[in-house]
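Me: Could you take me through one part of this structure up close? I'd like to follow a charged side chain and see what it pairs with.

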Amino acid sequence: MTDMGATSAKIWTGPARQHLTWLCAGFVVGFAVPFLFTDVVQLPRDLYYGIYIGAVLVFFGLWARATGQRLDLMVRRHWRWAVVLGVVVAAALGVVVLRTEPATAGPTGLTLSAEVLWRGVAYGAVDGLLLSAFPILAMFAASEGSKLRRRRFGTVAVGAAAMVASLLMTTVYHLGYRDFRSALLARPVAADLVWSVPTLVTLNPIGAPIAHVGLHVTAVLHSYETDVFLPPHR
């Protein structure tokens, strides 16, 4: 991200608060959607995914529009590195699933293809968007043009804060599921440190979703009845 000039310092106070307000709203959305539709109402998993995907995409779009973010510029920013890092991390996360989760029976044929596209690609990408891309981009956008970003150490500090925001989002989101209100919560929080890297390094929103897709697709193919990935678990 390019820094704004020193003359914009007084103007930036409002937008910074605006991004942080949206970040707080993201925590609410991240917890409320799984809590309401998997714990309180207990919808069928794939129907819930549809509601979750729609809610996240609408929320992300509203944040971008309200704060003047150019999605086209975001996606083009260091996009080659975002794709490469996303694929590398996706492969690494896939290996983790293969080594830590037992193989279980699952659907075959067209049903399997549909599950890969829906639970693996669609749900995985949107999960990466909410848990990593949004909080990281919001934190960097909030600091854009500040004195802190003019120094290398300051940019590193913002990156650390962005990573903390992503970890908080992952924590809050998973607490929305009943079965993650346990020691199981530690697993996705630890994994967030890995799948966030592509977006944290490039500030491109496609990096983390690509990485997350690799995790979900592997879970669908290898451990369809997993009790860790692809919540909610009945």
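Reply: Let's start with Arg 178, which is exposed, with a relative accessible area of 52%. Here, exposed means over 50% relative accessible area, buried means under 20%, and partly exposed lies in between (1.4 Å probe, protein chains only). Keep in mind that this is a predicted model: local features need pLDDT of at least 70, side-chain atom pairs count only at pLDDT 80 or more, and totals for chains, interfaces and linings use all residues. Residues are numbered from 1 along each chain as its sequence is written, and side-chain values use heavy atoms, leaving out hydrogens and water.

Now for the partner. Arg 178 and Asp 39 meet through their side chains in a salt bridge, 2.5 Å from N to O; the term means a side-chain nitrogen of Lys or Arg within 4 Å of a carboxyl oxygen of Asp or Glu. The structure holds six salt bridges. This pair links distant parts of the chain, 139 residues apart: Asp 39 sits in helix α1 (residues 13-40), and Arg 178 in the loop between α6 (152-175) and α7 (186-195). Helices are DSSP runs (H or I, at least four residues), numbered from the N terminus.

Unlike exposed Arg 178, Asp 39 counts as buried, at 10% relative accessibility. Asp 39 also forms a salt bridge with Arg 181, with the closest N and O atoms 2.7 Å apart. Here too distant parts of the chain are linked, since Arg 181 lies in the loop between α6 and α7 and Asp 39 in helix α1, 142 residues apart. Arg 181 is partly exposed, at 39%.

Definitions and conventions:
Helix = DSSP H or I, 4+ residues; strand = E, 2+ residues; numbered from the N terminus.
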